[in-house]
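Here are some exercises to work through with the model open beside you. Try each task before reading its solution.

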Amino acid sequence: MCSSLTNPSSGFRSTTLGHFVTSNNYIPGGFPDILNCSKLEYLVLSNNYSTGPIQPHIRQLSRLRYLNMTANHFSSDILADIGRLHELRYLSLVRNEFTGTWPVEVGNLSNLEHLALAYNHRLAPSTLPKELFGALNKLKFLWMRDMNLMGGIPESFNNLSSLEHVDLSFNNLNGSIPGGMLMLNINLKISLLLNDNLFSGELPSKLGSNLSRVDRSDNRLSGPIPVGISSWVTVEEFKASNNMFSGNIPVALTSLPILSTLLLDVNQLSGQLPSEIISWKSLTALNLARNQLSDPIPKSICSLPELASLDLSENQSSGQLPSELGLFNPIALFNLSSNNITGKIPHQLEKREHESSFLNNPQLCGNLIPTVKRCSASGSGSQKLPAKYLAMIIAFPIVASVGIIHLCNLFGVRGNRDQENNHETEQKNKHEAEQKNNHETDQWMLTSFHQLNFTMDDILSSLGEDNLIGKGGCGNVYLVSVNNSGEFVAAKKIMINNRKLDKNLEKQFIAEVETLGPHTIPT
């Protein structure tokens, strides 16, 4: 560094200085007067309060390879003199207040690899001149987001055969996308971000062999999704929200093996989701909201092992939800609101965090979600409690608490008087019961009074607060779904207050079940 430097804007001289960095210091003033720094290769002025125009003497930095002026308040025109810095590899003028137009002379920087001019929206509206890309054969990174660009992309863009990242989003570019731009063949993955423009036309059947990230959201693209999209085998992220795509979703789209994100919401897609999914083993996010999809949601959606976000809201999907959807644990976020879905919500999905997921489906019902109508004892989505499911589950825990689970009237409870009598009986037989229990293995037991088609584990796994429907003197009553067809049993867990179950209480309880046995209780 030059020891005489007191203020970067005051000027300094150095014939040996190679690096000059003043970033993140919030230094005010204009562009520094860098005089006679003939060996300067690295100039970083980013994240300061620098104002005013770029000074003409920048042309003297003939050896400059790296120039970063990001996040300042530089204004006026971007000097054409920058186009004379033929050794420049890295140029970033992001987020400034430049006005006027930007120089086409930048296209002469044949060694340039990184060009970042984004967020200079005060520039006058301008097109992408064909001269810009004439000599940039080594360019890998192009960031021209929000630059007030208009018009089409010139065919000379196809000459940029080394590109790895292209971001022309949030401009007013229009017309069709050059075919050669989508067929760049290199050994590295390519990101192509063209969202929030005015592009029109249809999706191509073929892309470059290494295109991995494609964003064409918020444009005016139309037509069907081509069957040839199956050739997009390198694409990991495809976003095309808010366009005018129409027609069915082809099965070929499901063959993309490493696709992780697919956003096609706010289009005009119709028909049914593919009943067959070829791949999508890596898909984590699927958004098809606000289309015209119809017919039932297929079971194939439930076969996606990595899916964590599913949005099918505001379509015309009908029919019942596949029961497998309730067993599909990886789905953390989903939205099925504003459709024509009928029947009953799978009980595994009846959780508070899913209350908004089923809104505006008039024919859909549930028992635990307040935002949908409750399933009635008759009509669509209703179920009765068959007598064959009446059951009793008696628990002998290892240390302290003892519970008995059994089928009973939803509000049938025992009073405290029975507990007191049972306590006296227990004290008399305590010693005898303890000796007997020393020779038995403590376990949960299922005592059935009818032929059952569910197991003890089916009951125990559902004794949580979400399924609690009543409380009594002896314990709590839970509504438990026993299979995917929507049939329920009422299970009562009797709290014995740290006492072993005595024979008298067990006999009273068995008599109660036998009394209730012949009846069907509506849920």
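**Exercise 1. Work out how strand β37 sits in the structure, enclosed or open, and find its pairing partner.**

Solution. Begin with burial: 6 of the 7 residues of strand β37 (residues 475–481) are buried, so the strand is largely enclosed by the rest of the structure. Buried here means under 20% relative accessible area, exposed over 50%, and partly exposed in between (1.4 Å probe, protein chains only). Strands (E, at least two residues) are DSSP runs, numbered from the N terminus.

Next, look for the partner. Strand β36 (residues 468–471) pairs with β37 in the antiparallel sense over 3 bridges; two strands pair if DSSP finds at least two bridges between them. One bridge to locate joins Gly470 to Val477 in β37.

Then step from Val477 to Lys493: their C-alpha atoms are 6.4 Å apart, with these positions 16 residues apart along the chain. Lys493 belongs to strand β38 (residues 488–495) and is partly exposed, its relative accessible area being 26%.

A note on the source before you go on: this is a predicted model, in which local features need pLDDT of at least 70 and side-chain atom pairs count only at pLDDT 80 or more, while totals for chains, interfaces and linings use all residues. Residues are numbered from 1 along each chain as its sequence is written, and side-chain values use heavy atoms, leaving out hydrogens and water.

**Exercise 2. Find which residues touch the most other members of the largest nonpolar core.**

Solution. First, the term: a nonpolar core is a set of buried Ala, Val, Leu, Ile, Met, Phe, Trp, Tyr and Cys residues joined through side-chain atoms within 4.5 Å. In soluble globular proteins, nonpolar side chains tend to be buried together.

The largest core has 97 residues, and Leu168 and Phe238 touch the most other members. Strands β16 (190–193) and β18 (211–215) each supply at least two residues of this core.

Now zoom in on Leu168. Leaving aside residues up to four places away in sequence, its contacts (heavy atoms within 4.5 Å) include Leu128, Met144, Phe157 and Leu193.

Finally, a second, separate core has 5 residues, among them Tyr478, Val480, Val489 and Ala491.

**Exercise 3. Trace the open sheet and name the strands at its edges.**

Solution. Follow the 11 strands in the order β13-β15-β17-β19-β21-β23-β25-β27-β29-β30-β31, which pair in parallel. The edges are β13 (150–151) and β31; each has a single partner strand, so one side of each is left without a neighbour in the sheet.

For a closer view, take β29 (residues 340–344), which pairs with β30 in the parallel sense over 2 bridges. Gly343 has Leu364 in β30 as its bridge partner.

**Exercise 4. Locate the disulfide and describe its geometry and surroundings.**

Solution. The structure holds 1 disulfide, defined as a pair of cysteine sulfur atoms within 2.5 Å. Cys365 and Cys375 form it, with their sulfur atoms 2.1 Å apart. Cys365 is in strand β30 (residues 364–366), and Cys375, 10 residues away, is in the loop between β31 (373–374) and β32 (384–385).

Check the handedness: the link of Cys365 and Cys375 is right-handed, with 90° about the S-S bond.

Then check burial. Cys365 is buried at a relative accessible area of 1%, and Cys375 is buried at 5%.

Technical notes
Helix = DSSP H or I, 4+ residues; strand = E, 2+ residues; numbered from the N terminus.
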